[in-house]
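Thanks for coming, everyone. I'll put the sequence and the model up, and then we can walk through a few spots together.

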Amino acid sequence: MTGKFGDYQLHELLNSGGMTEIWSATDARGRLVALRRLQTGSLRGSAPKLFKHGREVLEKLARHPHIAGMLDHGKVDGIPFMALELIRGANLRQWTLREDSIIDENVSDVIVGMADALDHLHSHGWMHLDVKPENVMVDLRGHTYLIDFDTARKIPRKPKEFDVASGTPAYMPPEQLLGRPLDHRADIYAFGVTVFELLTRRKPFEGDRPDLTRQNQLNERFPVPNASQFNPAVPARLNAILRSCLEYQAEKRYPNMTVLNAQLHTVLGVENVRDKAR
Ligand SMILES: Nc1ncnc2c1ncn2[C@@H]1O[C@H](COP(=O)(O)OP(=O)(O)OP(=O)(O)O)[C@@H](O)[C@H]1O
Ligand SMILES: [Mg+2]
């Protein structure tokens, strides 16, 4: 339903999922924004708490060029909403299904943009826990944004058990699938799956059949393929980076996003925004 929502004029329903809907809208000052609100069917149960949590995480984060910023938040007729910077484009899943050349033309920037955003999030003490193509947006200029902080948790001092009900199994490391203690290295694994898929259009643990993904993820001896096996343009050093992200044991992955991010910038030849800021 288009029309008014508090001070906002709603235009087009951009996306809707399990509990939220995202509209393009104009605010009282005439700015075009993305209005993310809870669906009326999700005003009870755990959804409002999750939504509020995602909003609070975003509020605490310093602004970052690769994170869609929040402009406003509140409630209209009991429906919580947040107004976000409107990204004119699509999420990574939608882009790859469209087979639009914009993604391939900007693939290095997309990868380091995601890494920069995660590095920023982790350095603020949060892990995302739902890194996947649907939670990464790319605008029409090829600029990348990380979104959706509803499942974010504080990075524990040492790996800890979390009851994370949401999340998407194909992007979860074995420790998360098994309900074992985890930390920020779960995001490093999910980042590895997302980048592998971006480069090859398939998941690293699919093996012969997509329905074997979970079984392969949980098999410590599963031979993780090189991304270059499916996309010859992937350089050997990027293969190696992804294999490290996708290690079965968290101890064998990159210790943190900053180290991984720095290596990605070097290998992909993209200037580090951290350095630019200095
Ligand atoms: N700032 C934005 N600008 C434009 N589109 C957006 C923006 N934020 C989100 N979207 C679109 O809405 C989709 C869902 O956003 P988001 O991940 O924040 O919601 P969600 O909580 O995952 O939804 P649900 O849990 O209901 O599935 C994104 O994949 C994207 O297509
Ligand atoms: Mg989402």
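**Starting at G192**

Let's begin with G192, which counts as buried because it has 26 C-beta neighbours inside 10 Å. The rule here is that 20 or more other C-beta atoms within 10 Å of a residue's own make it buried, 12 or fewer make it exposed, and in between it is partly exposed, with C-beta atoms placed from the backbone. Before I go on: this is a predicted model, so local features need pLDDT of at least 70 and side-chain atom pairs count only at pLDDT 80 or more, while totals for chains, interfaces and linings use all residues. Residues are numbered from 1 along each chain as its sequence is written, and chains are lettered from A and ligands numbered from 1 in the order in which they are written.

Back to G192, which sits in helix α6. Helices here are DSSP runs of H or I with at least four residues, strands are runs of E with at least two, and both are numbered from the N terminus. Setting aside residues up to four places away in sequence, G192 touches L242, C245 and L246. A contact means that two C-beta atoms, placed from the backbone, lie within 7 Å. For a long-range view, G192 and A34 are 158 residues apart in sequence and 28 Å apart in space, going C-alpha to C-alpha.

**Helix α4 and its two partners**

Two packed helices are described by the angle between their axes and the distance between the axes. How does α4 pack with α6? Helix α4, residues 107-123, and helix α6, residues 185-200, pack at about 165 degrees, with their axes 11 Å apart. So α4 is roughly antiparallel to α6. The axes are lines fitted to C-alpha atoms, for helices over the stretch in contact, and angles run from 0 to 180 degrees between N-to-C directions. On that scale, under 35 degrees is roughly parallel, over 145 roughly antiparallel, 65 to 115 roughly perpendicular, and the rest oblique.

The α4 and α6 crossing is right-handed; that means the near helix is turned clockwise from the far one by less than a right angle, and anticlockwise would be left-handed. On the α4 side you'll find V107, V110, I111, M114, A115 and L118, meeting D187, F191, V195 and L198 from α6. By class, the residues of this contact are 9 nonpolar, no polar and 1 charged. Nonpolar covers Ala, Val, Leu, Ile, Met, Phe, Trp, Tyr, Cys and Pro; charged is Asp, Glu, Lys and Arg; the others, Gly among them, are polar.

Now the other partner. α4 and helix α9, residues 257-268, pack at about 160 degrees with their axes 9 Å apart. These two are therefore roughly antiparallel as well, but the α4 and α9 crossing is left-handed. The α4 residues here include S108, D116 and H122, and the α9 residues they and others meet include M257, N261 and L268. This contact divides into 8 nonpolar, 5 polar and 2 charged residues.

**Around V136 and Y254**

V136 is in strand β9 and is buried, with 24 other C-beta atoms within 10 Å. Leaving out neighbours within four places in sequence, V136 is in contact with N91, L92, M114, T144, L146 and T194. The C-alpha atoms of V136 and I147 are 6.0 Å apart, with their positions 11 residues apart along the chain.

Y254 is in the loop between α8 and α9, and with 23 C-beta neighbours inside 10 Å it counts as buried. Its contacts, with the same four-place exclusion, are I188, S244, C245, V259 and L260. Y254 and R185 are 69 residues apart along the chain, yet their C-alpha atoms are separated by 7.5 Å.

**Two positive phi values**

Which of these two is buried and which is exposed, D77 or L129? D77 lies in the loop between β5 (70-76) and β6, and has a positive phi of about 50 degrees although it is not a glycine. With 7 C-beta neighbours inside 10 Å, D77 is exposed. L129, in the loop between β8 (126-127) and β9 (136-139), has a phi near 65 degrees, again positive in a residue other than glycine. L129 is buried, with 22 other C-beta atoms within 10 Å.
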